[in-house]
Amino acid sequence: MARKNSTTSSLATSALAAAGLLGGFAVAQQTKNRQLSGAVLAAVGVASTASWNAAAGPKVAGALLTTYLVGFGASHPLAKKIGAWPAVSVAAGATAAASLVLTRQG
């Protein structure tokens, strides 16, 4: 049963991280307020990192936070090539996939 709970937690954190990237962009687009968007990204980044740390330790948490931040940064130039929402979706998907893989227990 512990395995199911850790898998559920890993899935939830992966979804949270992806939602942070998507939601942060949606807030920026709707409100035109970069500070509010940044606050959404930061809050979700902190919550996700705490969960990653609990699930897999500080090294994995650091690697996943880096993935989250690089995904955010990389979505900007990628948006010029494929569009804003597709670029943010790629970043969110990559972050969620990395989270699932790196926090998988056993």
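Accessible areas, as used in these legends, come from the Shrake-Rupley method with a 1.4 Å probe. By that method the chain, which is shown here as a predicted model, exposes about 6100 Å², and carbon and sulfur atoms supply 69% of this area.

**Figure 1. The whole chain is built from four helices and zero strands.** Read along the sequence, the elements follow the pattern α-α-α-α. Taken along the principal axes, the C-alpha atoms fill a box of roughly 45 × 25 × 20 Å. The radius of gyration of the chain is 14 Å, which agrees with the value near 13 Å that a compact globule of 106 residues would have. Of the 106 residues, 30% count as buried. If one takes the contacts between residues at least 6 apart in sequence, 67% of them join residues that are at least 24 apart.

**Figure 2. A close-up of the rings of Phe25 and Trp85 shows an aromatic pair.** A search of the whole structure finds one such pair. The centres of the two rings lie 4.7 Å apart and their planes stand at 80°, and because an angle over 60 degrees counts as edge-to-face, the pair of Phe25 and Trp85 is given that description. The pair links distant parts of the chain, since Phe25 belongs to helix α1 (residues 2-31) and Trp85 to helix α4 (residues 84-103), with their positions 60 residues apart in the sequence. Are these two residues buried, partly exposed or exposed? Phe25 has a relative accessible area of 22%, so it counts as partly exposed, and Trp85, at 34% relative accessibility, also counts as partly exposed.

**Figure 3. The largest pocket holds about 340 Å³ of space.** Among the 16 residues that line this pocket, the closest to its centre are Phe25, Ala28, Ser37, Phe72 and His76. Helices α1, α2, α3 and α4 are the elements that give two or more residues to the lining. Which helix supplies the largest share of the lining of this pocket? That share, five residues, comes from α3. Phe25, which was shown in the previous view as a member of the aromatic pair, thus appears again here, as one of the residues closest to the centre of the pocket.

**Figure 4. A view of the largest cavity shows the residues that line it.** The structure has one cavity of 30 Å³ or more, and about 30 Å³ of space lies in the largest cavity. The residues of its lining are Ser9, Ser10, Thr13, Ser51, Trp52, Ala55, Ser99 and Thr103. Helices α1, α2 (34-56) and α4 each supply at least two residues of this lining.

**Figure 5. Ser75 is found in helix α3 (residues 58-82).** Is Ser75 buried or exposed? Its relative accessibility is 8%, and because buried means under 20%, Ser75 counts as buried. When its neighbours within four places in sequence are left aside, Ser75 is in contact with Ala87, Val88 and Ala91.

**Figure 6. Lys32 has its place in the loop between α1 and α2.** The phi angle of Lys32 is near 60°, which is a positive value in a residue other than glycine. With a relative accessible area of 68%, Lys32 lies over the 50% cut-off and is therefore exposed.

**Figure 7. Two further residues, Thr7 in helix α1 and Ala42 in helix α2, are shown with their distances to other parts of the chain.** Thr7 is partly exposed, with a relative accessible area of 40%, and its C-alpha atom is separated by 17 Å from that of Leu64, a residue 57 places away along the chain. Ala42 is likewise partly exposed, with a relative accessible area of 43%. Between Ala42 and Gly24, which stand 18 residues apart along the chain, the separation of the C-alpha atoms is 9.0 Å.

Conventions
Residues are numbered from 1 along each chain as its sequence is written. This is a predicted model: local features need pLDDT of at least 70, side-chain atom pairs count only at pLDDT 80 or more; totals for chains, interfaces and linings use all residues. Side-chain values use heavy atoms; hydrogens and water are left out. The radius of gyration is taken over C-alpha atoms; the globule rule is 2.2 Å times the number of residues to the power 0.38. Buried means under 20% relative accessible area, exposed over 50%, partly exposed in between (1.4 Å probe, protein chains only). Contact means heavy atoms within 4.5 Å. Rings of Phe, Tyr and Trp (its six-membered ring) pair if their centres lie within 6.5 Å; planes under 30 degrees apart count as stacked, over 60 as edge-to-face and the rest as tilted. On a 1 Å grid over the protein atoms alone, a cavity is a set of points where a 1.4 Å probe fits but cannot get out, and a pocket is an open set with protein on both sides within 12 Å along at least five of seven lines; lining residues have an atom within 4 Å of a point. Grid points are joined across faces, edges and corners, and a volume is the space filled by probe spheres set on the points.
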